[in-house]
Amino acid sequence: MTGAPLPSDEYDRLLNLAHYEILDTPAEDAFNCITRLAARLLGTPAAAINFVDQSRQWSKSTYGVCETTTPRDASICAWTILQAEPLVIEHLHADPRFAQSPGLMSEPRVHMYAGAPLVTPAGHRIGTLCVTDHQPHPLTQENLQDLQALAALVMDELELRACISALDRGHDVQQRRSVELQRGLDQTWVLEGVARLMDQNLSPEDMLLSASDLLGDVLNADYIGLLLFDGKVLQVEAAYESSRVSRAAQPLPGHLPDCSNSVTTTLSDLTRPLYVDNYPAFPGALGAVVAAGVHQTAWVPLGVRSGATSVLMAMRLRDNPVMSWRGSDQALLEATGRSLRSALDRRLEAELASQQARRDPLTGLLNRRALYQDLIQRHLDGRPYLLATLDLDGLKMVNDREGLDQGDKLLQVFARTLKVELGQAGEVYRLCGDGFVVLDDLDEEAVHDAVDTAVLAARQVGALQGVSVGAAHSSEGVGEALLKLADERMSVVKRRRQEVRQHTAALHLQ
């Protein structure tokens, strides 16, 4: 058998055929009805709807025959698609193109063939509706018109299905666009909410908790938390958990005491966000986290503050409907991370500025402003305490004889030593040049011992005569009144010490 030549529009024809997505689909009643009707109208025992692919002829529907696939070079329909009109061959065995066709050698041998091309709206002939008979079967012009009309019905069915498929795809695209639009709106709402949080006077912990509540649903996250690295110590603070977490076989760890040789140990040096879609397969994955069902993880660094590194962490469990960190998820996490980082930096700057405003620039001790604030707080707390006022004796003499720089060094040594000796139980304030105040939870004797040690240290720098101390207990007054009482007692001590020094000096002159 001689194979049919390729049509001049072969490439476009194959593309047009692929557009209908009909090849290798199951048999369907809509097409079976057409082949059955064709056989009855034309009075033939067999009919078929065939499509001519690149290297084969494939039958979508057959009536009276079983064969569904034929090599293209043995296909009669491959000749039919070369012309616009129906191809009718009354004596196949007498046609040199088909006389040796393997399909015509078996009994009953096909004698007559008539096929009408399936013509697409673009003008490409992609297949045929054909009828065959194993005996002579002349066809009238009316028969051929019926065959063409039925071929047009096949194309109508294909076009209808293509339109429905396109509409479905368009609907799916529209749905996806709607989902993406809604996600975008949700993300915008989250970022606006995070921005509003920045304006509120919240602690870093409360800020993270509130931001995580906003993020959780929009991200489809199951868990959001904060990793805190303080040296080698790692702590995990949970901020958000979905209902799926509570149903997990094991809870996610709040603390990870043993994370040696795990990916977690590397996160303290993280400078860029890290997203993992298959956490169990990730090098260094923690067994406890894998056992909890975590499948996706995301880490967003929030920077280093006061020596501690913080990292925002989000997780999804293996049954989460979202299978990977989408671009929009990453953008939202990173935008939130930037907002949180900026807010935490601003808060740290404000705290540092506030602390700076409470500090004496020379000694680093707290100043008068801090003293008044802390007196109010101690009164509100209701805990008893001791207030002691201190005045350095002989500082002016040091300044006059050895210079102001040496006097400043003496103040610094005295202040540092006194603070160390009092420890956590007391706080030291510098009010003026040589005036100090101590708020202490200890007894008066402990304060005097700390002052004596500080005087000895200061004398290594300059000839400090001593320190006059006046003490008052919180039960004796509040705020300024208590401070005034301690100051009066300190003045009494100072006068007595001056009298003693004057008397001693007089004895030396005699």
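Helices are DSSP runs of H or I spanning at least four residues, numbered from the N terminus. The views below show salt bridges in a predicted model, which holds 20 of them.

**Close-up 1. A salt bridge within helix 1 joins E10 and R13.** The two side chains meet with an N to O distance of 3.0 Å. Both residues belong to helix 1, which covers residues 10–19. E10 and R13 stand three residues apart, about one turn of the helix. Both partners are buried.

**Close-up 2. The side chains of D95 and R97 form a salt bridge.** Their N to O distance is 2.9 Å. D95 has a relative accessibility of 13% and therefore counts as buried, the cut-off for this class being under 20%. R97, by contrast, is partly exposed, because its relative accessible area of 24% falls between the limits of 20% and 50%.

**Close-up 3. E427 is linked to K419 by a salt bridge.** The closest N and O atoms of this pair are 3.9 Å apart, a separation that lies within the 4 Å limit for a salt bridge. E427 is partly exposed, with a relative accessible area of 22%. K419 is also partly exposed, and its relative accessible area is 27%.

**Close-up 4. E28, K60, E157 and R161 belong to one salt-bridge network.** The four residues are joined through salt bridges that share partners.

Notes
Residues are numbered from 1 along each chain as its sequence is written. This is a predicted model: local features need pLDDT of at least 70, side-chain atom pairs count only at pLDDT 80 or more; totals for chains, interfaces and linings use all residues. Side-chain values use heavy atoms; hydrogens and water are left out. Helices (H or I, at least four residues) and strands (E, at least two) are DSSP runs, numbered from the N terminus. Buried means under 20% relative accessible area, exposed over 50%, partly exposed in between (1.4 Å probe, protein chains only).
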